[in-house]
Amino acid sequence: MAEQKEYDVVILGAGSGGYAAAMRAGQLGLSVALIEGDKVGGTCLHRGCIPTKALLHAAEVADEMRESATIGVQGTFTGIDMNALNAYKNGVVDKMYKGLSGLIVSRKVEIINGWGKLVSPDTIEVNGELIKGKNIILATGSTSKTIGQTITQRVITSEQALNMDTVPESVIVLGGGVIGVEFASIWNSYGADVTIIEGLERLVPNEDVAVSKTLERAFRKRKINFKTNTLFERVEEDYAGVHVYTKDGTRFDAQYLLIAIGRGPVTANFGYEEQGITLDRGFVITNERLHTGVGNIYAVGDIVPGVQLAHRGFLQGLFVAEEIAGLQPKVIDENTIPRVTFCNPEIASVGLTTTQAEEKFGKENVETVEFNLAGNGKSQMLGTTGFVKLVREKDGPIVGFHTIGARMGEQIGEGQLMVAWEALPEDFAGLIHAHPSQNESIGEAILALAGKPLHTHN
Ligand SMILES: Cc1cc2nc3c(=O)[nH]c(=O)nc-3n(C[C@H](O)[C@H](O)[C@H](O)COP(=O)(O)OP(=O)(O)OC[C@H]3O[C@@H](n4cnc5c(N)ncnc54)[C@H](O)[C@@H]3O)c2cc1C
């Protein structure tokens with residue numbers, strides 16, 4: 001008979017959602033077991049957000065070196081040393097991993113290493129042991145979709161792309177969404193020849209149309225090739241590289257094919273369905289309080305339908321821990337979750353796109369303003385183009401914030417505040433943005449929305 005341990009909360013998966021839930025539950029005095037088959041930190045820390053952003057930072061430095069002479073700084077870009085770059089990237093990950101592991105332990109969370117399976121509504125089996133929880137949180141995350149392709153030396157996903165030991169000469173990126181455009185941007189900056197193939201009519205199709213247009217213009221200028229409205233048919237591989245055939249009969253050749261067509265939930269073979277949990281195409285269906293409808297089982301993170309972002313997982317993890325502790329947290333408004341794509345130029349948005357707002361309120365009831373970064377001093381110093389766009393319900397609150405431009409990702413905080421607080425342009429009267437900062441561009445957009453633009457023409 002297997003040994004049985006019991007906790008207030010048992011969490012399956014220690015990625016962004018799972019570890020946030022564990023730390024908050026521990027902070028609230030609950031006994032917690034956090035079961036992880038690989039490393040705490042999950043996709044975001046080891047295979048996602050953190051390593052990609054390290055590669056993107058190196059890409060920014062490479063671009064700045066290439067262009068430095070244009071601002072009078074002499075220097076030469078001679079190439080990328082992938083060994084040194086990987087050491088830097090892995091160093092950042094390792095440091096954060098150590099910090100996170102220490103933090104989790106300091107919250108008195110018990111980490112159990114092993115692959116767990118839900119064997120009854122209140123029990124997870126791991127390493128032959130039965131771990132019983134008054135509450136269970138499923139947080140098993142996501143993995144790259146591969147459209148049935150076998151992953152090889154040359155046909156890769158983001159996981160392999162993060163660990164290359166040379167800069168590729170050429171890459172075809174299948175998918176012009178967040179992960180696809182980030183890698184396209186990285187490799188272009190490192191000197192590779194990049195072609196993106198996207199099935200829909202524009203790059204970053206979930207963003208406002210104006211953002212896609214500006215990104216496409218910037219990518220053209222950077223000589224990142226892309227083909228939209230183009231459907232993948234098949235890939236062949238030989239000693240020379242990959243040959244990608246699209247449905248329109250075109251063939252694209254490169255050294256590598258990166259498949260970046262989205263991520264699917266990791267929920268198969270863990271006993272979820274057997275215990276009565278409803279899955280829809282693998283995603284765990286919950287109510288708005290993230291309860292699965294079975295026992296005291298909750299789900300958080302990428303396995304729950306919605307935007308697959310680390311900070312959404314954190315928020316859901318905190319929410320469920322507080323829910324279990326009886327704190328009755330406020331239901332999460334998914335519409336106010338900020339989204340940042342860290343390609344160059346960066347994209348940041350929150351709330352409704354113009355199209356979504358028009359669908360919701362009617363075309364005549366939507367007002368938009370765009371402040372062009374050409375009128376922003378700091379952006380001019382950085383040599384970037386782009387804009388801040390605000391979408392407002394006519395005479396009502398700001399419902400959407402969209403921006404594109406170098407380093408504009410850091411401006412998302414104010415965008416989120418204005419959308420989440422349903423701010424009116426008048427609410428900003430008397431507030432001014434520091435000069436000369438990129439943040440000022442938001443102030444300018446608000447002034448324009450209030451009908452009193454400062455640095456643009458009426
Ligand atoms: C290349 C890339 C870049 C990204 N960049 C960003 C970004 O810049 N910003 C952002 O917000 N998001 C980004 N993301 C998305 C982000 O990584 C995910 O949204 C986030 O990691 C989801 O957290 P999660 O807890 O749901 O799952 P995960 O982080 O996937 O964690 C799930 C964990 O569960 C474990 N597990 C699974 N099954 C079991 C089992 N049966 N037993 C035990 N353990 C199990 C796994 O080993 C894993 O550690 C990126 C993703 C990728 C791939």
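## Meeting the ligand

A polar contact is a pair of N or O atoms within 3.5 Å (inside the protein, one atom must be able to donate a hydrogen and the other to accept it, and residues adjacent in sequence count only if both atoms are side-chain atoms). Here is one such pair: a backbone N or O atom of glycine 37 sits 3.1 Å from a nitrogen atom of the ligand. Polar backbone atoms also meet ligand oxygen atoms, at 2.9 Å for glycine 17 and at 3.3 Å for glutamine 308. On its own the ligand would expose 1000 Å², and the protein buries 95% of that (areas come from the Shrake-Rupley method with a 1.4 Å probe; for residues, only the protein chains shown count as cover).

Before going on, keep in mind that this is a predicted model, where local features need pLDDT of at least 70, side-chain atom pairs count only at pLDDT 80 or more, and totals for chains, interfaces and linings use all residues. Residues are numbered from 1 along each chain as its sequence is written, and side-chain values use heavy atoms, with hydrogens and water left out.

## Who surrounds it

How many residues surround the ligand? There are 37, and the closest are Glu36, Thr43, Lys53, Asp302 and Ala310 (being near means having a heavy atom within 4 Å). Sorted by class, this shell has 12 nonpolar, 18 polar and seven charged residues. For that sorting, Ala, Val, Leu, Ile, Met, Phe, Trp, Tyr, Cys and Pro are nonpolar, Asp, Glu, Lys and Arg are charged, and the others, Gly among them, are polar.

Several elements supply at least two shell residues each, including helix H1 (16-27), strand E2 (32-36) and helix H8 (310-324). Helix H2 (42-47) is on that list too, and H2 gives the largest share, four residues. Helices (H or I, at least four residues) and strands (E, at least two) are DSSP runs, numbered from the N terminus.

## A pocket and a cavity

Now for the second largest pocket, with a volume of about 1300 Å³. It is lined by 40 residues, and the closest to its centre are Asn344, Pro345, Leu382, Thr384 and Ala406. The lining splits into 13 nonpolar, 14 polar and 13 charged residues, and H3 gives the most, nine residues. Pockets and cavities are found on a 1 Å grid over the protein atoms alone: a 1.4 Å probe fits in a cavity but cannot get out, while a pocket is an open set of points with protein on both sides within 12 Å along at least five of seven lines, and lining residues have an atom within 4 Å of a point. Points are joined across faces, edges and corners, and a volume is the space filled by probe spheres set on them.

The structure holds one cavity of 30 Å³ or more. The largest cavity has about 50 Å³ of space, and its lining has eight nonpolar residues, two polar and no charged. Among the lining residues are Leu55, Met82, Trp187 and Tyr190.

## Odd spots in the backbone

Pro345, from the pocket centre, has another twist: a cis peptide bond joins asparagine 344 to proline 345, with omega about 5°. Proline 345 sits in the loop between strands E20 (339-341) and E21 (346-351).

Another cis bond links histidine 435 and proline 436, with omega about -5°. Asparagine 127 has phi near 50°, a positive value in a residue other than glycine.
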